[in-house]
Every structure is written in C-alpha cells, then in structure tokens.
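Student: Could you take me closely through the part of this model where protein and DNA meet, strand by strand? I would like one connected account rather than a list.

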Protein chains: 2
Amino acid sequence: MTDDVMTIREMCAAYDVTPRTLRFYESKELLSPIRKGQKRLFTRRDRARLTLILRGKRFGFSLEDIRQLLDLYHLGDQQRTQIERTLAVARERLQEMRQKHAELETAIEELSHQISTGEQTLSKTATGQPDT
Amino acid sequence: MTDDVMTIREMCAAYDVTPRTLRFYESKELLSPIRKGQKRLFTRRDRARLTLILRGKRFGFSLEDIRQLLDLYHLGDQQRTQIERTLAVARERLQEMRQKHAELETAIEELSHQISTGEQTLSKTATGQPDT
DNA sequence: CGTTATGCTTACGTCAACGTCAAGCAATCT
DNA sequence: AGATTGCTTGACGTTGACGTAAGCATAACG
C-alpha cells in the first residue's frame, strides 16, 4: 500500500482539477501535501480536505470561508478559544446553509411552475400540428 | 399611487444594492427601467426581475445564466424556437438546483454533526476543569 | 444666482480564483 | 549525452461582478 499518498497527477485525475488548482490551494493553506524532494505527495487528509473544499465551492462559499471550516474537521491540538471561534463560524455557516436550503426549495417550485406554464404555452401554439 | 415606479435611490434602499449595480444590470440587459429625461425609473417588472436576479445570485448562477432564465418569466411575444431554448435552459438549471438541494441537505447534516462533535470536545476539555 | 445634491456616462481599478506562459531542475528513455 | 517528460516556482493574464473617480447636466435650496 504505497498509495497511501497520491501524486499531483493522480489527484487531478481523481478530482477533476488542474495542477494549478492544487498548488493554488496549497498556497492558500487549504492543503499541505508532504514533499518528497521536489514533489508533492497528497495524503488521505489532503484528499478529505479537497472533497470538502469542492463541496463548499458548489455551495458558494469562498475559499477563505472554507479554510476556516476545514479546521472543524480535525480539531486536534488546537487551543480552546480557537476551537470556539471555529465553532462560531461553523454555526453561522450552518445557518446560511439552512437558509439557502429553504430558499432553494422555493425557487425550485417557482421555476418548475414556470416551466410547465411555458410548456403549456408551447403546446397551444403547436407547430402546425394539432394536439395529439 | 405615483409610486408605480421607483427612483434609483429607492431601489437601492429597498434591495440593498448600489446605483452602480443597478446600472450595471441595465447594461447587461437584465433590467430596463424607463427614462424620464435623463433619469431611470424602475417599474414593477424591474422589481420582480431584480428579486429573481438576487435570488439567482445566491445560488451561484452567473448573471448570464440568470438573464436567460428571466425570459421564462414573461414569455410573451417570443418565437417558438426561442421559447424552446429558454425552456431547455430552464430544465437544465432546475436539474442543477435539485442536485444542489440534495447535496446541501447532506452537507448540512455533516456540518451539524461536526459541530456537535466539536461541542463535545469542548465540554470534555472544560475551561481549567479536569474531566468530570 | 451660487452651491449643494443627485444622477448620468465613461473609463479605469479591484478582487477572487484560477489559467497561461516562461524557465529551470530531475529522472527516465534512447 | 541528448531529448523528452513531469514537476517545480514565479509572474503576468483573464473573467465576472462590481467599485471608484472624473466630469458634466439637472434640480432644489436658500
């Protein structure tokens, strides 16, 4: 099991990102692959974090937001006050997410309503063809 | 009821946006306020659209995406093929939104789980207190 | 009638999140 | 050895969504 770690290429393939993206995330301290000489080796921890990063992005969180949240997922040797601040951030984000979730539900309903209205408009003005 | 229309300042106050933003949206053909001489007057239609624009943005849609979706909300004098394309776009977006909705649900559960784990960590390492 | 406020247009500035080169090691293939 | 391939580190370019500043017009106030 040498593949406890992955190279940058393997990571790119696995997560569908570019090398540039991974290096960029490292520069922003979102990832911290180990260095074998010159090269980066990404651990399970990096992979878990990347999963969370990509998910966070889909929900519209900034990388900076995500960086703060990531700490939550491996509270180890941190200071108590640090943990508390992280928790506070997390609770805020959770609130935002719940809010979004609810709004999204409304928006989905509205949009799907509009779509069926549109479909009816179409079927009435059918293309030369009468109704089936 | 002269306030069938609103000035740019009123709009800014009502929707918490800047004048720049409203003019920018107009330049991108997302809004089309009428002109009284030099000045812009925003109608109910503009307001409805702005509501949808801001909502769309919260869900991570680009202004261009939103511009296409907006057409759906007032299919009037359009061409049939144009309506069909709009509907196609809308269905795609609806799919995305449903996907996001589901993912968001998962993420909410995970995050809230992590938060309670974090809280327990805190309560065990209570301030200066040894384990209970 | 001067000035203060508001609005308009035009144009350049900014910030996030990368993309896209350029230039240089290092290992590997021929 | 030479060439190729993969990875590295800068450094500058790009796109979307505005911010900001300059300059002029119009309107309102005193």
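Tutor: A polar contact is taken here as a pair of N or O atoms within 3.5 Å. With that cut-off in mind, a polar side-chain atom of A:Arg20 lies 3.0 Å from a base nitrogen of DNA strand C, and this pair is a convenient place to enter the surface around that strand. The model is a predicted one, and every distance below is computed from its atoms.

Around DNA strand C there are 15 residues, of which A:Thr18, A:Tyr25, A:Lys57, B:Arg9 and B:Arg40 come nearest. One of these five, A:Thr18, has a polar side-chain atom 2.7 Å from a phosphate oxygen of DNA strand C, and from chain B an N or O atom in the side chain of B:Arg23 is placed 3.0 Å from a phosphate oxygen of the strand. Whereas A:Arg20 reaches a base nitrogen, the atoms of DNA strand C that come within 4 Å of the protein belong for 74% to sugar or phosphate, with the rest in bases. As for the elements behind this surface, α2 (19–27) of chain A, α1 (8–15) of chain B and β2 (39–41) of chain B each supply at least two of its residues, and the largest share, four residues, comes from α2(A). Divided by class, the residues near DNA strand C are seven charged, four polar and four nonpolar.

Turning to DNA strand D, we again find 15 residues around the strand, and those that come nearest are A:Arg9, A:Arg40, B:Thr18, B:Tyr25 and B:Lys57. Sugar and phosphate make up 70% of the atoms of DNA strand D that lie within 4 Å of the protein. Three arginines of chain A can be followed to phosphate oxygens of this strand: the side chain of A:Arg40 has an N or O atom 2.4 Å from one, the side chain of A:Arg9 has an N or O atom 2.5 Å from one, and a polar side-chain atom of A:Arg35 is found at 2.9 Å. Here α1 (8–15) and β2 (39–41) are the elements of chain A that each supply at least two residues, together with α2 (19–27) of chain B, and α2(B) gives the most, with four residues. The surface near DNA strand D consists, by class, of seven charged, four polar and four nonpolar residues.

To place these elements in their chain, chain A has five helices and two strands, which follow one another from the N terminus as α-α-β-β-α-α-α. Of its 132 residues, 37% are buried, and chain A exposes about 8,300 Å², half of which, 50%, is supplied by carbon and sulfur atoms.

Since both chains contribute to the surface near each strand, the contact between the chains completes the picture. The size of an interface is often given as the accessible area lost when the parts come together. Chain A and chain B bury about 3,700 Å² between them, with 70% of that area on carbon and sulfur atoms. A:Arg80, A:Leu111 and A:Leu122 supply 16% of the area that chain A buries against chain B, more than any other three residues. In terms of residues, the contact draws 36 from chain A and 36 from chain B.

Methods: Residues are numbered from 1 along each chain as its sequence is written. Chains are lettered from A and ligands numbered from 1 in the order in which they are written. This is a predicted model: local features need pLDDT of at least 70, side-chain atom pairs count only at pLDDT 80 or more; totals for chains, interfaces and linings use all residues. Side-chain values use heavy atoms; hydrogens and water are left out. A residue is near a molecule or strand if one of its heavy atoms lies within 4 Å of it. A polar contact is a pair of N or O atoms within 3.5 Å; within protein, one must be able to donate a hydrogen and the other to accept it, and residues adjacent in sequence count only if both atoms are side-chain atoms. Ala, Val, Leu, Ile, Met, Phe, Trp, Tyr, Cys and Pro count as nonpolar, Asp, Glu, Lys and Arg as charged, and the others, Gly among them, as polar. Buried means under 20% relative accessible area, exposed over 50%, partly exposed in between (1.4 Å probe, protein chains only). Accessible areas come from the Shrake-Rupley method with a 1.4 Å probe; for residues, only the protein chains shown count as cover. Contact means heavy atoms within 4.5 Å. Buried area is the accessible area (1.4 Å probe) that two parts lose on being put together, summed over both.
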